[in-house]
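The following exercises concern the reading of a protein fold from its coordinates. Please inspect the sequence and the structure before turning to the solutions.

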Amino acid sequence: MEATDIEGDAITGGYLVELDTNFDEVNKFHSAIANMPYQFQEPDEDVLQPEQMAWFEGYINEMESNLYAKDWLANRKYADYLDLNSFVDWWFVQELADNREPGHPKSSFMHKDRNGKLTAGPVWDFDWGTFMLSRAETYSIKDFIYYGRLFEDPVFVSIVKERWAMHKSKFDNIPDYIRTVAAKIKKSNETDKTIWPMDSTVNEDQDMTFDEAVERMITAYKTKLQWLDTEIKGM
């Protein structure tokens, strides 16, 4: 977007925002109902105009007013504002990686193209506490951001089931992909450990060899995949 995009179709996008409780960007607001901490990444502070910020904030507040209305399931008007397929796919990634950053929320990006709906993504920030075997059979973010409400909508649940069935075969192939990438970076890992020694227990693998850590990650992933498959089929 440019600074001159302040009316008509031009003001409707594109925006890139981050939901993050650090709330440390220049241009930001909390949504009116869910109190979500929206921060503007694009347009940046050198471009973003008051009209653009006000328009986007209004869009979010209109979406939330429909999502949390008493008769929200009667008309499902909230879906006019959200790209539901993207919210489903984004949820899959966070759950399968056991990324709990969105629970704050932190590092949760969304974007809106011109004349488009609010779209979840891109995914970001998987460096802290992911693929935890000790909690593989639990939900990671099902009750956070807008998901607690979305999962109350039978239509949204049907989309989850449909897209899970569509992508399941790809998810089954991820362990092989992990091993392929691990083989490529194994030598680099030794240099990495020398420069940045691990001093945290957050991923449950700090005392493991590289190969052991890779297998632990795969085991955590496969456990979560099987558990989530059962959960989704039973929704």
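Four exercises follow, each with a worked solution.

The model is predicted: local features require pLDDT of at least 70 and side-chain atom pairs count only at pLDDT 80 or more, whereas totals for chains, interfaces and linings use all residues. Residues are numbered from 1 along each chain as its sequence is written, and side-chain values use heavy atoms, with hydrogens and water left out.

**Exercise 1. Describe the protein chain as a whole.**

Step 1. Begin with the secondary structure, in which helices (H or I, at least four residues) and strands (E, at least two) are DSSP runs numbered from the N terminus. The protein chain contains seven helices and five strands, and their sequence pattern is β-β-β-α-α-α-β-β-α-α-α-α.

Step 2. Turn to the dimensions. The C-alpha trace spans about 55 × 45 × 25 Å along its principal axes.

Step 3. Consider burial, where buried means under 20% relative accessible area, exposed over 50%, and partly exposed in between (1.4 Å probe, protein chains only). Of the 235 residues in the protein chain, 44% are buried.

Step 4. Examine the contacts, defined as heavy atoms within 4.5 Å. Among contacts between residues at least 6 apart in sequence, 74% join residues at least 24 apart.

**Exercise 2. Establish the order of the strands in the sheet.**

Step 1. Recall the general principle. Strands of a sheet pair through backbone hydrogen bonds, either parallel or antiparallel.

Step 2. Apply the pairing criterion, namely that DSSP finds at least two bridges between two strands. The five strands form an open, antiparallel sheet in the order E2-E3-E1-E4-E5.

Step 3. Identify the edges. Strand E2 (28-30) and strand E5 (118-120) each have a single partner strand, so one side of each lacks a neighbour in the sheet.

Step 4. Add the twist, for which axes are lines fitted to C-alpha atoms (for helices over the stretch in contact) and angles run from 0 to 180 degrees between N-to-C directions. From one strand to the next, the twist averages 30 degrees.

Step 5. Place a helix against the sheet. Helix H3 (residues 84-97) lies across strand E4 (108-112) and E5, and runs at about 20 degrees to E5.

**Exercise 3. Trace the pairings from E2 through E3 and E1 to E4.**

Step 1. Start with E2 and strand E3 (residues 37-42), which pair over three bridges in the antiparallel sense. His 30 is opposite Pro 37 in E3. These two strands form a hairpin with six residues between them, and Asn 35 in the turn has a positive phi of about 60 degrees.

Step 2. Proceed to strand E1 (residues 15-19), joined to E3 by four bridges. Here Leu 19 stands opposite Tyr 38, and Glu 18 has Gln 39 as its bridge partner.

Step 3. Continue to E4, which pairs with E1 over five bridges. Val 17 has Met 110 in E4 as its bridge partner.

Step 4. Assess the enclosure of E1. Four of its five residues are buried, so E1 is largely enclosed by the rest of the structure.

**Exercise 4. Characterise the surroundings of Asp 153.**

Step 1. Locate the residue. Asp 153 lies in the loop between helix H4 (147-150) and helix H5 (154-172).

Step 2. Determine its accessibility. With a relative accessible area of 1%, Asp 153 is buried.

Step 3. List its contacts. Not counting residues up to four places away in sequence, Asp 153 touches Trp 72, Leu 73, Arg 76 and Tyr 78.
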